[in-house]
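Me: I've got a model open and want to work through how it is put together. Can we take it piece by piece?

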Amino acid sequence: MKQVIVDPTDEREPIRRTLAERPAQIKGRVAMLDIAKPRGNVLIDRLAAQLTERLPAVEIKRYRKPTFTKPAPEELRRRIAEESDFVIEALAD
Amino acid sequence: MSETGAAKKLGGFSLNDLGGVAHSFPTGKNALLCFVKEDCPTCGIAMPVIEAFHRAFSSKIDVLAIGQEAAGNRLLAQRYALTCPMLDDSALRVSFEYGFDSVPTVILADKDGNEVLNFAGFVRSDWQSLAARLAQMTALAEPKIDWASLPEWRAGCGAKAVEPGIAERLEAEARGDRMQARRIELGEGEDVFEFMFERGLTDGLPVVPPTPERVAWMLTGTRRDPREVIATVPPNLAPLTIEKVAINAVMAGCRPEYLPVVIAALEAVCTDTFNIHGVMATTWGATPVMIVNGPIRKRLGMNMGIMALGYGSRPNATIGRAVKLVLRNVGGSRPGDIERSALGAIGKFTTCFAEWEERSPWEPLHVERGFKKDESVVTVFGLEAGSRQIADQTSRTARALVGSLGLGLEACWHPKQHGSGEILLVVSPEHADTIARDEWSKSQVRNRIQEITARPLRDLLPDEESGEGIPLKAMGLTNPTEEQLNQKIPKFRSPENINIIVAGGEGGKFSAVFAGWVSGPMGSSSVSRRIEEMP
């Protein structure tokens, strides 16, 4: 006799998204999100300095999550999406 | 014999007799339904009586034998030379719906299908008075039955529909329309245990295969609809139905009566306050630590005594495991994926136990949190996935013992991390007795811990000997004065962060602590939830 079991998972297929087109030149607004881990800001400061030097056409905008323990609030995610062309998120530990 | 008072409407059915002719109920006449099973000797005693009733009354009353096994039904018809229709309920749907648990079961119904009376087994006087009653109803003569030759009393046999394995299958079929989870058919010869491992559905230990029958059995532990969505589970933000909880509870090894605890724990865990996303994602090793209070502890046989924080108790082990399996399978928290603890700890498999309220000199945890003592409650804490023991075998006063416990708590996270959040201190009975002798309240215990752990800021600063600690910047200081450096900081942000319960064996002067994680609004705060008990 064939055995039958029931599915313990959420049964959802992940939504497949295609990557956004890679531009030939990086210009525009770059969001840098500090997730609020200790010294995450140090990493982002360094990155920001190097990016500004290498990519003079970008404008860097800094964001910070209220706490690293929780996903970014909806409002913050919306703001980043509206205000930026690129996002760099920094983890630190 | 039980006379049915208010009219009870019996479910309608259509069953075939041995010749393949369908018989519907209600029949439009009074009817006598006689449920029987071939291998039941008591049914053997009843069969000639049933046949005699049919011969005597069939012009006015439909006498129907309803058998529970196809082959057995034919044998009964031959053995007793039945002229009475023998209907085939070998699928047991009618037997299951009618809900009786032994055969023979006899039900007299009126023409509309309302139950008039029913009895089970062979109590001679029941059958005799039934004969008289049928004669009276039909104004026909009673059949000639040698009652004296029949035994006075014989117990019925277990109905087929309640046999182990079959009852669960019938329950599954009956609930089938309310169960929505995808069914997975395994290939011929495929090992179900290996299948579960290969699909990543386990926590690394084998799980009980969640067959539809077992899940239906699990669902008998709650009155809630299997389709009800009780929470959204991070990180996948997947809707969690009662059915999915039941499936994972089966896998964890729970019994149905544990299910309400698993449900309540998941409702608590999946709140913003608890923040399970963070508890699972942190590189620290945190887990939901579950404490059960109230009468359900005893009903489920939960361990709160010797080895309470250890292993060997089914409800303790499987309730906590069920919650973790839901977080994994429905929520998507898997080690190395979203669950990112650098080291983990064995408590990540399961951490669930009960408070020994009767052995505590204080109010139980749930009463402290505003619940009634006779309510059953589960409290979840986002804490380190394993307890640390604190020894003190020699203190004889509350002050000395609580001082020891406080010093032991210094090791939580790091001795130089002060101003920390929630912990759970599990005081063993012997320690509780020592504290109780001096009549210390929980609040005195908390205050004393804060007092003995308070350290001057200068001792807590990161330095060459230990880089961890409280940076001056975090205190808003750059050039601190002597006074500021001498300012004492207690271990915990507030005394209320020290949660205290009593559990453990009666011998052993050791208590234990579950250290916390980031607690409060910036991390996880404990949540208590009332457990919906079945009557």
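Me: Which domains is chain B divided into?
Reply: Keep in mind that this is a predicted model. The domain assignment splits chain B in two, and the second part is written as two stretches of sequence, 192–462 and 483–530. Put together, the answer is domain 1 (2–163) and domain 2 (192–462 + 483–530).

Me: How far apart are the C-alpha centres of domain 1 and domain 2 of chain B?
Reply: Domain 1 covers 2–163 of chain B, and domain 2 takes in 192–462 + 483–530. Going from the C-alpha centre of one to that of the other, the separation is 55 Å.

Me: Is B:E439 buried or exposed?
Reply: B:E439 sits in the loop between α15 (429–437) and α16 (442–453) of chain B. A residue with 12 or fewer other C-beta atoms within 10 Å counts as exposed. B:E439 has 9 of them, so the call is exposed.

Me: And what separates the C-alpha atoms of B:E439 and B:Q68?
Reply: Along the chain, these two residues are 371 residues apart. In space, their C-alpha atoms are separated by 66 Å.

Me: How do α9 and α12 of chain B lie relative to each other: parallel, perpendicular or oblique?
Reply: Helix α9 (residues 259–269) and helix α12 (residues 314–329) of chain B have axes that come within 9 Å and cross at roughly 50°. An angle like that falls outside the parallel, antiparallel and perpendicular ranges, the last of which runs from 65 to 115 degrees. That makes the arrangement of α9(B) and α12(B) oblique.

Me: What classes of residue make the contact of α9(B) with α12(B)?
Reply: The two helices pass in a right-handed crossing. From α9(B) come B:V261, B:V262, B:A265, B:L266 and B:V269, and from α12(B) come B:I319, B:A322, B:V323 and B:V326. Sorted by class, that gives no polar and no charged residues, and 9 nonpolar.

Me: What about α8 and α12 of chain B: how do they lie to each other?
Reply: Helix α8 (residues 242–252) of chain B and α12(B) have axes that come within 8 Å and cross at roughly 125°. Roughly perpendicular would need 65 to 115 degrees, and roughly antiparallel would need over 145. The two helices are therefore oblique.

Me: How many nonpolar, polar and charged residues are in the contact of α8(B) with α12(B)?
Reply: The crossing here is right-handed. On the α8(B) side you'll find B:K244, B:V245, B:N248, B:A249, B:M251 and B:A252, and these meet B:T318, B:R321, B:A322, B:L325, B:V326 and B:N329 of α12(B). By class the split is 7 nonpolar, 3 polar and 2 charged.

Me: Now α14 and α15 of chain B. What is the class make-up of their contact?
Reply: Helix α14 (residues 398–409) packs on α15(B) at about 135°, with axes 8 Å apart, and that angle makes the pair oblique. B:A398, B:L401 and B:V402 of α14(B) touch B:H431, B:T434 and B:I435 of α15(B). The tally is no charged residues, 2 polar and 4 nonpolar.

Me: Which residue does a cis peptide bond join to B:F25?
Reply: Look in the loop between β3 (22–25) and β4 (30–36) of chain B, where the proline of this pair is found. Omega of the bond is about 0°, and the partner is B:P26.

Me: What is omega for the peptide bond from B:V103 to B:P104?
Reply: B:P104 is in the loop between β7 (102–103) and β8 (105–109) of chain B. The bond leading into B:P104 is cis, with omega near -5°.

Me: Is B:N275 buried or exposed?
Reply: B:N275 lies in the loop between α9 and α10 (276–281) of chain B, and its phi is near 55°, a positive value in a residue other than glycine. Buried takes 20 or more other C-beta atoms within 10 Å. B:N275 has 27, so it is buried.

Me: Where is A:A36, and what is its phi?
Reply: Within chain A, A:A36 belongs to the loop between β2 (28–34) and α1 (40–54). With 18 other C-beta atoms within 10 Å, A:A36 is partly exposed. Its phi is positive although the residue is not glycine, with a value near 85°.

How values were computed: Residues numbered from 1 in each chain as written. Chains lettered and ligands numbered in written order. Predicted model: local features only at pLDDT ≥ 70, side-chain atom pairs only at ≥ 80, totals over all residues. Domains from an automatic or database assignment. Helix = DSSP H or I, 4+ residues; strand = E, 2+ residues; numbered from the N terminus. Axes fitted to C-alpha atoms, helices over the stretch in contact; angles between N-to-C directions. Parallel < 35°, antiparallel > 145°, perpendicular 65-115°, else oblique. Left-handed = near helix turned anticlockwise from the far one by under 90°. Contact = placed C-beta atoms within 7 Å. Nonpolar A, V, L, I, M, F, W, Y, C, P; charged D, E, K, R; others polar.
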